[in-house]
Amino acid sequence: GVEVVGTADDVAGAVARLKSKGLNPQRLILTKDDMPGARVRSLLAQADKLGMTLARMPRLTDFKSGVSDRMEVRPVAVEDLLGRPQASLDRAAMARLIGGRRVLVTGAGGSIGGELVRQVSEFRPTEIGLLDHAEHALYSIDLETSERHPGLARRAFIADVRDRERLARVFEAFRPELVFHAAALKHVPLVEANAVEGATTNVLGTVNLAEEAIRGRVAAVVMISTDKAVNPTSVMGATKRIAESYCQALDLAREAAGTRFVTVRFGNVLGSTGSVVPLFQRQLAQGGPLTVTHPDMTRYFMTVKEAVELVLQASALGTGAANGKGGREGKIMVLDMGEPIRIMDLAEQMIRLAGFRPGKDIKIEIVGPRPGEKLSEEVFHGAEAPQPTECPGVLLAAPRAGDLASLRPVIAELEAACRLGDQVRVLALIRKLVPEYRREEHAAARAASA
């Protein structure tokens, strides 16, 4: 008895037919849970053009106490705009990787580290270790883990990966069998202004962790990397590229040590600390304006849940837990980030989701690229030929891998320069280790936006 007035491909026509009958629809409601982000963005634009807001029905899993619950539509979230089809995941392989092992997560209080703790805890590790140097962040994830998994043995370690002696004590006390290394300094402009600290944490911290893992006979270390390590224009990206190279070199030389090193590279995580979405949300709450660095700036995005699911999948593939195969030593697992999103479009869509009109109710200001920023990111070096894997969401890259004999002396020089706080020397050594690093490019990007 309910008339179908049109399809989702003809929203404008359906609205016109309703208006001809004296009906004036005010809201477009999505009822499908897994609609692709591109489709949601298109429907948002159509709804806005027709003077309607966009909302969605609650998911079936949102009903907690049966059909008597009041059914309320809810706002469309930013995650809906960027949503992508769910990759098919090999959970049995993840269980083989994690189940029955002592697992240590560094940077456990951060966005990625915290989600790693949540998902790793689901696969029944023998014990989980949470390591972070930020006390409150560590307290929060430790408390959450105790509430969600009261039967899971866990230990929280206040420690900084920069402190080799403290790391050694943690490894001796906890004896991890699998390590997820998410600890890093990641905020591009801050690391640009604090290059010595960036190198100390991202490079030397990774070296410290890797050496302790080898000494402690850890089965595998999974290092979280970033698309900013590809042809880097920032200190953050360049230091992460050095960390990638070092882990690649160790993985290629692992016959002597027995520890696998798997590097997983991906782009921006939606809503992570310091990212653009929380910034836009805060600016919206203040009535604007929203600040965009450049009208053509694009970024890859994925939700933190999807990113960590694929990190675990990539880790299982990289260590052979997924198929029992080797042959991926020294390679980098790259998450398929889909299509890049234009930041200007994201700003306009978030304004519309809040029920306002971009440029009228809420202004958007172009403020120019910040130090170290690129207009667009890459997930592969030009020389890398990406290869598919058994998992549709994970690709395999083989960037230039340094050898330990040439890397270690320069990293030793870098450590000495960091101890002295010699930024000029630190930057020179970073350039030596990452020849493709071009720090000056951000100035050209800023000029292009003027």
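**View 1. Glu192 in helix 8 of the predicted model.** Glu192 is part of helix 8, and the model shown is a predicted one. Glu192 counts as buried because its relative accessible area is 5%, under the 20% cut-off. Its side chain reaches the backbone nitrogen of Val235 at 2.9 Å.

**View 2. The surroundings of Glu192.** Residues up to four places away in sequence are left out here. Glu192 then touches Thr233, Ser234 and Val235. It also touches Pro371, Gly372, Tyr437 and Arg439. Glu373 sits 181 residues from Glu192 along the chain, yet their C-alpha atoms are separated by 9.7 Å.

**View 3. The largest nonpolar core.** This core has 49 residues. Leu414 and Ile430 have the most contacts inside it. Seen by element, two or more residues each come from helix 7 (164-174), helix 8 (188-193), helix 9 (195-215) and helix 10 (235-252). Helix 14 (404-420), helix 15 (423-433) and strand 8 (220-226) also give two or more. In soluble globular proteins, nonpolar side chains tend to be buried together.

**View 4. Ile430 and its contacts.** Neighbours within four places in sequence are set aside. Ile430 is in contact with Ala199, Val235, Ala238, Thr239 and Ile242. Leu414 and Tyr437 complete the list. A second core, separate from the largest one, has 42 residues. Among them are Ala220, Phe266, Val269 and Leu310.

**View 5. The nine-stranded sheet.** The sheet is open, and its pairing is mixed. Its strand order is 6-5-4-7-8-9-14-18-17. Strand 6 (153-158) and strand 17 (387-388) are the edges, each pairing on one side only. Helix 7 lies across strand 4 (102-106), strand 5 (127-132), strand 6 and strand 7 (178-181). Helix 7 runs at about 170° to strand 6.

**View 6. Strand 14 and its partners.** Strand 14 spans residues 332-335. Ile332 and Val334 point one way from the strand, while Met333 and Leu335 point the other way. All four are buried. Strand 9 (residues 260-266) runs parallel to strand 14, joined by three bridges. Here Val264 stands opposite Met333. Strand 18 runs antiparallel to strand 14, joined by four bridges. Met333 stands opposite Leu396 of strand 18.

**View 7. The strand 17 edge.** Strand 17 pairs with strand 18 (residues 394-397) in the antiparallel sense. Two bridges make up this pairing. Gln387 stands opposite Leu396 in strand 18. Leu396 also stands opposite Met333 in strand 14.

Notes. Residues numbered from 1 in each chain as written. Predicted model: local features only at pLDDT ≥ 70, side-chain atom pairs only at ≥ 80, totals over all residues. Heavy atoms only, no water. Core = buried A, V, L, I, M, F, W, Y, C linked by side-chain atoms within 4.5 Å. Buried < 20%, exposed > 50% of the residue type's maximum accessible area, 1.4 Å probe, protein only. Contact = heavy atoms within 4.5 Å. Polar contact = N/O pair within 3.5 Å; in protein donor to acceptor, adjacent residues only side chain to side chain. Pairing = 2+ DSSP bridges. Axes fitted to C-alpha atoms, helices over the stretch in contact; angles between N-to-C directions.
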